[in-house]
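Trainee: Please take me through one part of this model closely. I would like to start with the cysteines.

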Amino acid sequence: MAGEEPYPRKILQYMEGFLVSKTLFCACELGVFEHLQGSQSSASDLALALGCSEDGIERLLNTCVSLELLTANTDPHGAVLYSNTEMSSMFLLKSSPRSLCQSIEYSSRTIYLCWHYLSDAVREGKNQYEKAFGVNSKDLFEAMYRSDEEMVKFMHLMNSIWNICGRDVITAFDLSPFRCICDLGGCSGALAKQCVSAFPESTVTIFDLPKVVRTSQQHFVSNQDERICFCEGDFFKDELPQADLYILARILHDWTDQRSVELLAKIYQSCRPGGGVLLVEALLYEDNSGPLTAQLYSLNMLVQTEGRERKASDYSRLLSAAGFTHIQIHNTGKIYDAILAHK
């Protein structure tokens, strides 16, 4: 309307966005969704069960209803009963195969703390592990895996991501011609499981640091996963196993262009003739206008790693510099995209 005072709606939404994140983090940490699994409860009963104040839990529950994480219904006696939504039951219960609980915990206790120093990261152009956690980040993964507990949290994060997103990127191309596959930095093995499920004639070797391999064998990959095996090593320092295809899923975004080309060139040398490399990353638009998720991830790479998110043309340049040709780009329309290049 003419003469109406401008109202900074979007700025206020952005300013208060962290309140939404913390509400989700809090509800997960307190066990709200777990307690409501398959049932409904009043605020007073939930407060008693979770050891919370009734006033505090009621405010939290009502906010979760507005966020469409919970539903609220009034029973014949006038009591308000809360229950999980279908989305919460699928993604916010620890027992769900598509659970994001571990990702949420890692975001709350690790990423969120790093982002406290985003301004410093922008000014200095480097990650903020030393300020956030008091650890030297000269060796990036020594900093990220600064304790066994922190390493397991990160592995659960990656596990939950690939349980949800892995199928889309693994099936972006027909990988059936590649019978021997090596997943570099394969972490928990979730993407390897997606790979052998989609391409039953293939075998996958997970190549990762020794302590990651041991943890994966103990907690994530069972003896029933017969077509998955392990190889211990540092992909910058140690010899790589020969393979028809190498997978780098959310690996190159951790590293500078120089180190990325170094790794890709090493893969090229180890790759069998006719083989290739599959990159899985969140791709930026060519004009840098988005997508917002990838732009935010790139800021996260600034506060946490040595790397950045890149455009498809950037990855094509890195692959070409390492000797790879016939580069194909597949945009999935979701968070992660896939790039296949051949030797």
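Trainee: Which cysteine sulfur is closest to that of Cys52, and why do the two form no bond?

Mentor: This is a predicted model, where local features need pLDDT of at least 70, side-chain atom pairs count only at pLDDT 80 or more, and totals for chains, interfaces and linings use all residues. Residues are numbered from 1 along each chain as its sequence is written, and side-chain values use heavy atoms, leaving out hydrogens and water.

Now your cysteine. The closest sulfur belongs to Cys26, but it sits 7.4 Å from that of Cys52, so it is too far for a bond. A disulfide is a pair of cysteine sulfur atoms within 2.5 Å. The structure holds 0 of them. Cys165 is in no disulfide either; its nearest cysteine sulfur, in Cys187, is 15 Å away.

Compare accessibility. Buried means under 20% relative accessible area, exposed over 50%, partly exposed in between (1.4 Å probe, protein chains only). Cys52 is partly exposed, at 23%. Cys165 is buried, at 19%.

Next, the interior. A nonpolar core is a set of buried Ala, Val, Leu, Ile, Met, Phe, Trp, Tyr and Cys residues joined through side-chain atoms within 4.5 Å. The largest has 76 residues; Trp162, Leu248, Leu264 and Leu278 touch the most other members. Helix α11 (residues 148-170) gives the most to this core: 10 residues. Helices here are DSSP runs (H or I, at least four residues), numbered from the N terminus. Another core, of 19 residues, lies apart from it, and Val32 and Leu69 are among its members.

Finish with Trp162. Beyond four places in sequence, its contacts (heavy atoms within 4.5 Å) include Arg167, Ala190, Gln194 and Tyr336.

Definitions and conventions: Helices (H or I, at least four residues) and strands (E, at least two) are DSSP runs, numbered from the N terminus.
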